[in-house]
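Here are my notes for a first look at this entry. Please keep the structure open beside them. The points start with one pair of residues and then widen out.

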Amino acid sequence: MLAALLAASAGPAWAQGFIKSLPLKPWSGGPTPALDLPSLDGAAHRLRDYRGKVVLVNFWATWCTPCRDEMPSIERLRTSLGGRPFAVLAVNVGETERAARAFLQTMPVGFTVLLDRELKASKAWGARVLPASYVVGADGAIRYSYFGELDWAKDEVVQAIAQMMA
């Protein structure tokens, strides 16, 4: 019975083989919350506009050492999946645009950085620990979550995300 429940919660059949070795946790937290935030350049970004792509939504802050430490691996993941239907939305939690820009000058990245100054998105997504990351499928549903620092460029993580685009 327990095996059947675990298999059912693991998501699609392609994901079930990764569950034992994959550090990402299959999502069981309910529907995907809305995400509608401005980027550093002021443009509005809505998660629903990314339908058809797998999206890594990463909540972070400049004062968070694990957040800073995992940024290069998120960039490597994004680069390794270049040209594929994949996007990264890095949500800065509770800080000013100035603080986020200052940090990104020391660590340039090619993914979109959003600002959640009022913490509304962070609360809606349950991002109480930073970094908090969610992998959203092309259908807009959260498939995986991970709380804490992760090497996003690890082969098994890259393979699991690539399989979601297959």
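1. Start in strand S8, keeping in mind that this is a predicted model. Find Tyr 146 there: Tyr 146 is the bridge partner of Ser 133.

2. Now take in the strands around that pair. S7 covers residues 132-136. S7 and S8 are antiparallel, and five bridges hold the pairing.

3. Look at the turn next. S7 and S8 form a hairpin, with five residues between the strands. Which sign does phi take at Gly 140 in this hairpin? The phi of Gly 140 is positive, near 90°.

4. S8 has another partner. Strand S1, residues 25-26, runs antiparallel to S8, which spans residues 142-147. Two bridges join S1 and S8. On this side, Ser 145 of S8 stands opposite Lys 25.

5. Step back to the whole protein chain. How many helices and strands does the chain have? The count is six helices and eight strands. Along the sequence their order is α-α-β-β-β-β-α-β-α-β-α-β-β-α. Two helices thus open the pattern, and a helix ends it.

6. Check the contacts. Consider those between residues at least 6 apart in sequence. Of these, 70% join residues at least 24 apart.

7. Finish with burial and surface. The protein chain has 166 residues, and 45% of them count as buried. The exposed area of the chain is about 8400 Å². Carbon and sulfur atoms supply 54% of that area.

Note on methods. Residues are numbered from 1 along each chain as its sequence is written. This is a predicted model: local features need pLDDT of at least 70, side-chain atom pairs count only at pLDDT 80 or more; totals for chains, interfaces and linings use all residues. Side-chain values use heavy atoms; hydrogens and water are left out. Two strands pair if DSSP finds at least two bridges between them. Helices (H or I, at least four residues) and strands (E, at least two) are DSSP runs, numbered from the N terminus. Buried means under 20% relative accessible area, exposed over 50%, partly exposed in between (1.4 Å probe, protein chains only). Contact means heavy atoms within 4.5 Å. Accessible areas come from the Shrake-Rupley method with a 1.4 Å probe; for residues, only the protein chains shown count as cover.
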